[in-house]
Amino acid sequence: MSKKTSMPKSKKFSGNHQRGWLWGHHAVIETLMNGNWPVLEIFASAQAALQHATVLRSQESEGVPLEIVSSDRLEQLSRSSEHQGLVIRLGQFPYQSMETFSTVLADSIARDRQQVKAMPPVPPPLVVICDRIQDTFNFGAILRCCDGANVDGVIVGDRGQAEVTPHVARSSSGAVNHIPIVKVSDLLESARFIKQQGFRLAAADANANTSVWHAPLGGPIGLVIGSEATGISTDLQSICDQKLWIPMLGKVTSLNAAVATGILLYEIRRQQISAVE
């Protein structure tokens, strides 16, 4: 690994400074090892460079600039004292298209229809459709739940939706590196496509008549999660096969989008796995 002269403090970075920076050894090393998200620059303390020498040398060999800098410089770049000796600058997140994701989906559906016995049993396909989730922390937490439930993919629109940024990556605990995230220009049309593949669409709706405790949720499911402010759009709601509410037993009458997603995903998976065991 080469040691370079520190960049002048007056150097300007293009674009929104904070949107492109990821820090913390767990988040950084996982992103580097996954190799999916383009890395533009790496900054490391001397100690972190020794600790993670193999991974960092690999990145250098692929042409990613590596600079050994002081802790103060790392804090300046990340605007955080919790950088743990590693900061990277990332390019645009590589969303999947519906065309590429449809191949993944087709394989999952084919396995489900063949009903191949496996140990542990393989549950039916499950996707999540996010309708204008705007809070980056919520979006990251939703992705973390999706990884925990091993969903096949997450579909988002290109308007009114939080982008996948380093902040979302940290909130997701690295789940952005493991789940297909599909960006589409027409969320309604994509939801219709999912239905055409044999999925039932289930909408999270606090005003629904059916409790998640009593809803049949076996088979391939597309779970639709709506905006924190306005919920699921009317057009998207109109094509959903089920509308589900989560019983609230205390004084507060609602849950945030991420918590609701986690509860619904695990009830869906429970029923799906029970049906194939």
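This is a short conversation about reading a sheet and a helix in a predicted model.

Biologist: Let's start with the sheet. In what order do its four strands lie?

Modeller: The order is E1-E4-E2-E3, in an open sheet with mixed pairing. Strand E1 (21-23) and strand E3 (66-68) are the edge strands, each pairing on one side only. From one strand to the next, the twist averages 20°.

Biologist: How many bridges join E1 to strand E4, and do they run parallel or antiparallel?

Modeller: Three bridges join E1 to E4 (residues 86-90), and the two strands run antiparallel. To find the place by eye, look for Trp21, which stands opposite Arg89 in E4.

Biologist: Which strands does helix H3 lie across?

Modeller: Helix H3 (residues 53-61) lies across E2 (39-44), E3 and E4, running at about 140° to E2. Helix H4 (residues 71-78) lies across E1, E2 and E4, and runs at about 35° to E4.

Biologist: Now helix H8, please. Which of its residues are buried?

Modeller: First the general idea: an α-helix has 3.6 residues a turn, so residues three or four places apart point the same way. In H8 (residues 187-196), the buried residues are Leu187, Ser190, Ala191 and Ile194. They are on the same side of H8 because they cover an arc of only 100° around the axis.

Biologist: What covers the buried residues of H8?

Modeller: The cover includes helix H5 (98-114), strand E5 (126-131) and helix H9 (234-238), along with strands E6, E7 and E8.

Biologist: And what is found at the start of H8?

Modeller: There, a side-chain oxygen of Asp186 reaches to within 3.2 Å of the backbone nitrogen of Leu188. Following H8 comes Gly198, with a positive phi near 105°.

Notes:
Residues numbered from 1 in each chain as written. Predicted model: local features only at pLDDT ≥ 70, side-chain atom pairs only at ≥ 80, totals over all residues. Heavy atoms only, no water. Pairing = 2+ DSSP bridges. Axes fitted to C-alpha atoms, helices over the stretch in contact; angles between N-to-C directions. Contact = heavy atoms within 4.5 Å. Buried < 20%, exposed > 50% of the residue type's maximum accessible area, 1.4 Å probe, protein only. Arc of directions from axis to C-beta. Polar contact = N/O pair within 3.5 Å; in protein donor to acceptor, adjacent residues only side chain to side chain.
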